[in-house]
Amino acid sequence: MALSEAFLQELKFKTDIEDVISTYVTLRKNGSTSKGLCPFHNEKTPSFTVYSDTQSFYCFGCGAGGDAVTFLKKIENLDYIDAVKLLAQRAGLQMPDDNSYDDSLSKKRRRVLEINRETAKFYYSYLISPQGKIGLDYFLNRGLSMNTIKRFGLGFAPNEWDSLLKHLKSKGYRPSEMVEAGVVKIGRNNNYYDTFKNRVMTPIIDVRGNVIAFGGRVLDDSKPKYINTSDTLVYKKTNELFALNLAKDSGKDNLILCEGYMDVIAMHQAGFTNAVAGCGTALTNEQVRLISRYAREVILAYDADEAGQKALNKAVSLFKQTDVKVKIPALSGGKDPDEIIKKYGRDKFKGMLDGASNDTEFALLEIRKKYNVTTSQGKIDFLNEALKVLAGVSPIEQDIYISRLADELSVDKSSIKIQLDAYAKKRIYRQKRNEYKTIVDNSIRENQRKSYDENVSIRQIRAEERIVGLLLRYPDCVNLTRDFDIQMLSSAFIKKVFTETINRLDAQLDIDLINFSSALTSDELGRLSGIIARTRESKDAKKEFKDCIDIIQSEYDKNIIKPSDSMSDDEFRSIFNKNT
């Protein structure tokens with residue numbers, strides 16, 4: 001039974017691998033991962049790791065790995081379909097009919113993307129036409145340059161109900177396809193009409209350059225103020241970040257997270273090209289995981305109003321579950337970054353960003369607001385709550401903040417330290433971490449050798465696994481594979497995964513681990529999970545990808561054996577003395 005992409009996509013969205021595995025294994029959170037004792041082999045030191053960002057698991061001790069389906073197959077001794085059925089039951093999903101294989105989904109996705117691109121071109125062309133002057137004036141009055149308008153592909157939807165509908169029809173698209181793309185709706189009398197009317201338009205573009213959705217804003221105070229594309233085959237708002245397609249190439253190792261599209265656009269124009277915004281009203285775990293792929297630090301430049309501060313607090317709590325460092329600037333002089341930049345200029349705003357506090361300082365400032373620290377009871381209540389925050393930071397940070405609090409509140413430092421130790425009992429795990437690292441290092445060496453010939457160098461093995469890991473983590477690297485000869489890969493397994501990944505990317509299909517479950521065996525999924533687990537982030541993924549391809553080419557050329565009569569003596573001897 002072949003399962004449709006649409007069903008697997010919905011199953012993925014409604015499944016959290018930590019929830020599934022935690023019913024069988026006791027997990028402990030460790031940054032963006034969770035660890036526990038492997039249920040598939042005996043061990044005393046936890047080497048079983050669950051990765052929430054890739055929705056996968058991997059055991060560095062025995063090499064078991066995969067997605068939620070793979071885990072259930074292995075733990076419950078089920079076949080693929082029965083494991084999917086169990087997972088669907090947990091998620092409250094109805095299994096599709098046996099004949100539900102959807103071989104047209106890839107074509108539908110391509111068609112939706114084509115419609116979106118044509119729609120974006122239509123809105124932009126209308127904006128810069130004489131008829132679109134009112135929309136263009138809106139952007140110009142907001143301080144945007146024509147270069148910025150073009151860079152973001154901004155546009156204007158005409159004040160008519162069927163202008164886009166007619167245009168797309170003239171291009172050969174059917175109304176039903178437009179509805180699937182979300183740019184046209186069906187009325188009560190089954191008549192079709194444009195989703196967006198008399199609104200300035202902002203296209204949402206994914207990291208591969210595809211137009212996947214739109215946001216439309218009215219020119220006055222009428223309601224609703226904003227209309228956004230609903231979820232489609234190519235867009236799920238909880239999974240996307242606006243302007244990440246530009247910010248990922250900013251050269252910065254941090255991202256500035258804002259609330260609104262206009263904030264991001266204004267910041268890019270002012271030179272802060274690493275700014276992004278969440279799609280939807282609230283930041284999600286999926287968006288946080290996406291940020292963690294591209295940044296080691298995030299600056300939360302949220303609005304200063306009450307709603308913005310609530311969103312800020314939620315964002316801080318979400319990022320605490322990852323290894324991404326958080327900085328929070330004290331924005332003043334305007335309700336949002338766009339207004340502050342307009343009033344005070346780029347340099348003033350940059351100073352606010354440079355002076356941003358970390359999440360610990362922010363938490364202490366927020367706690368301080370709740371108590372009157374000029375009174376004895378206020379100091380006690382403040383310190384009791386503050387020490388719970390400090391219990392979760394490093395010893396160096398603890399010492400710095402304890403000294404600061406002792407000076408500010410006129411309290412003996414040693415007394416604060418004694419109280420802190422009561423909250424910090426769980427911090428003595430260094431020895432176990434060292435044991436875990438040894439297991440990981442040994443596992444990497446052992447698993448990297450699997451299914452490779454003895455004459456294949458470690459250098460080539462690492463390069464081959466790295467390009468697979470990079471391709472899965474940074475899908476836009478697929479454009480670098482067009483002239484790559486897959487026959488240069490030395491492992492049949494790597495060839496299989498590499499080919500499957502490229503085919504899925506070319507078909508605009510998802511490349512999450514769950515989408516490989518039916519194509520790979522359990523052992524192969526375990527190996528792929530190991531590669532994913534070992535794939536660290538890259539500061540320049542495309543350059544590293546090219547370097548790995550060069551290594552593979554070089555190693556491949558070394559292994560091309562010439563006829564013995566055309567070899568030099570040194571070349572002939574080198575066949576028997578290769579460094580593996």
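The side chains of D354 and K350 meet in a salt bridge, with 2.9 Å from N to O, in what is a predicted model. These two residues lie 4 apart in helix α15, which covers residues 346-354, and they are therefore separated by about one helical turn. The structure holds 37 salt bridges, and this briefing takes up a few of them, together with helix α21.

**The pair in helix α15**
- D354 has a relative accessibility of 56% and therefore counts as exposed, the cut-off for that class being over 50%.
- K350, its partner in the salt bridge, has a relative accessible area of 34% and is partly exposed.
- An α-helix has 3.6 residues a turn, so residues three or four places apart point the same way.

**The pair in helix α14**
- D338 and K342 also meet through their side chains in a salt bridge, for which the N to O value is 2.3 Å.
- Helix α14 spans residues 337-344, and because D338 and K342 are 4 residues apart within this helix, about one helical turn separates them.
- D338 has a relative accessible area of 5%, and since buried means under 20%, this residue falls in the buried class.
- K342, by contrast, is partly exposed, with 43% relative accessibility.
- Side chains of opposite charge can pair when their charged atoms come close.

**The pair in helix α5 and its network**
- R111 forms a salt bridge with E114, and the closest N and O atoms of the two are 3.7 Å apart, which falls within the 4 Å cut-off for such a contact.
- Both residues belong to helix α5, residues 105-127, where they are 3 residues apart and so separated by about one helical turn.
- R111 counts as partly exposed at 26% relative accessibility, and E114 is likewise partly exposed, its relative accessible area being 37%.

**Helix α21**
- Helix α21 runs over residues 458-473, and at 1.5 Å a residue its 16 residues should span 22 Å.
- The C-alpha atoms at the two ends of α21 are 22 Å apart, which agrees with that expected span.
- Of the 16 residues of α21, 13 are buried, so this helix is largely enclosed by the rest of the structure.

Technical notes
Residues are numbered from 1 along each chain as its sequence is written. This is a predicted model: local features need pLDDT of at least 70, side-chain atom pairs count only at pLDDT 80 or more; totals for chains, interfaces and linings use all residues. Side-chain values use heavy atoms; hydrogens and water are left out. The expected span of a helix is 1.5 Å times one less than its number of residues. Buried means under 20% relative accessible area, exposed over 50%, partly exposed in between (1.4 Å probe, protein chains only).
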